[in-house]
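Welcome! Please take a moment to look over the sequence and the model, and then let us walk through them together.

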Amino acid sequence: PDAEVDVRQWIPLATVRDRLTYAHDRGVVARFAALPPVLGTVVMVRHGHAGRRDRWDGPDEERPLDGTGSRDAETAAPLLELFAPGRIISAPALRCRQTVEPAAALVGLPLEVDGRFAENGDPDEALQALRAIAASTPSAVVCSQGGLMKPLLGKIRSAGGEPAIPK
C-alpha cells in the first residue's frame, strides 16, 4: 500500500477484473489470463563458487565448493524451498551436489544425480530431460555447470544466444 494503492492482496483471476479501476489494468489481466497455464517449473541453478579449476589438484568432478560457495548454497536453500520442488536434481560433480544438498535436506527430498546435466553433457539431450521433468512434476530444481548451461539456456531463450550466467 502507498499513496496510489489502498491494499495489496491475492484475488482469484475470475473476479479480479471487476475490482480494477483502469481499463489498461484490465487489459494486462486479460492478456495474462489468455496465457497457457504453467504446467511445470524448473529452476536452473549454476553450482556455487568452487575456487579456480587450475588450483585444484584432484579430478575436476571432485572439486568441492569453497567457503563462499557453501554459504551461498545455505542461503539459496530457503529461496529454492519457496518453489515447493517435488524433485531436486544435480549434475554428478561434487560442487553441483553440494550446491543443492541444503535445499534437498530442507524440503526432505532425496538428491537425484543425473549425468545429462554434467558440464560436458549434450545440450539437446539436457533440453529433452528438462522438458520431461517439467511435464512430470509441478516444480523441480536442477543444478548444473556453466559449460552445459550456456548452450542449454541459449536453446530455451526466445531471444536465442548464450546468456551470461554468473555463479
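## A walk through the strands, the core and a pair of cysteines

Strand β2 (residues 87-90) lies alongside strand β3 (residues 111-113), and the two pair in the parallel sense over three bridges. What you are looking at is a predicted model, so please read every value here as computed from it. For one of the pairings, look at Ile 89, whose bridge partner in β3 is Glu 112. To get from β2 to β3, the chain passes through helix α4 (residues 94-107), and this β-α-β crossover is right-handed.

Strand β2 has another partner too: it pairs with strand β4 (residues 139-144), again in the parallel sense, over four bridges. Here you can find Arg 87 standing opposite Ala 140 in β4.

Now let us turn to the inside. In soluble globular proteins, nonpolar side chains tend to be buried together. In this model, the largest nonpolar core holds 24 residues, and those touching the most other members are Val 45, Leu 80, Ile 88, Phe 117, Ile 133, Val 141 and Val 142. Two or more residues come from each of β1, α3 (67-81), β2, α4, α5, β4 and α6. The largest share, five residues, is given by α5.

Ile 88 is a good place to pause. Setting aside residues up to four places away in sequence, Ile 88 touches Val 100, Ala 103, Ala 104, Val 107, Leu 109, Pro 110, Leu 111, Glu 112 and Val 141.

Next, follow helix α6 (residues 146-156). Its buried residues are Gly 146, Leu 148, Met 149, Pro 151, Leu 152, Leu 153 and Gly 154. These buried residues of α6 pack against β1 (41-46), α5 (123-136) and β4.

Go back now to the loop between β2 and α4, where you will find Ala 91. Ala 91 has 0% relative accessibility and therefore counts as buried. Beyond its neighbours within four places in sequence, Ala 91 is in contact with several residues, among them Val 113, Phe 117, Cys 96 and Cys 143. Ala 91 also shows how the fold brings distant parts of the chain into one region: Ala 91 and Arg 46 are 45 residues apart in sequence, yet 10.0 Å apart in space from C-alpha to C-alpha.

The two cysteines in that list deserve a closer look. How far is the sulfur of Cys 96 from the closest cysteine sulfur? The distance is 4.3 Å, to Cys 143, which is too far for a bond. Seen from the other side, the closest cysteine sulfur to that of Cys 143 is the one in Cys 96. A disulfide is a covalent bond between the sulfur atoms of two cysteines. The cut-off used here is 2.5 Å between the sulfurs, so this pair does not qualify at 4.3 Å. A search of the whole structure finds zero disulfides. Cys 96 is buried, with 0% relative accessibility, and Cys 143 is likewise buried at 0%.

Our last stop is Arg 95, in helix α4. Is Arg 95 buried or exposed? Arg 95 counts as buried because its relative accessibility is 0%. Its side chain makes a polar contact with the side chain of His 47, at 3.5 Å. Not counting residues up to four places away in sequence, the residues that Arg 95 touches include Asp 60, Glu 61, Arg 53, Arg 63, Glu 119 and Gln 145.

Notes
Residues numbered from 1 in each chain as written. Predicted model: local features only at pLDDT ≥ 70, side-chain atom pairs only at ≥ 80, totals over all residues. Heavy atoms only, no water. Pairing = 2+ DSSP bridges. Right-handed = clockwise from strand over helix to strand, strands pointing away. Buried < 20%, exposed > 50% of the residue type's maximum accessible area, 1.4 Å probe, protein only. Contact = heavy atoms within 4.5 Å. Polar contact = N/O pair within 3.5 Å; in protein donor to acceptor, adjacent residues only side chain to side chain. Core = buried A, V, L, I, M, F, W, Y, C linked by side-chain atoms within 4.5 Å.
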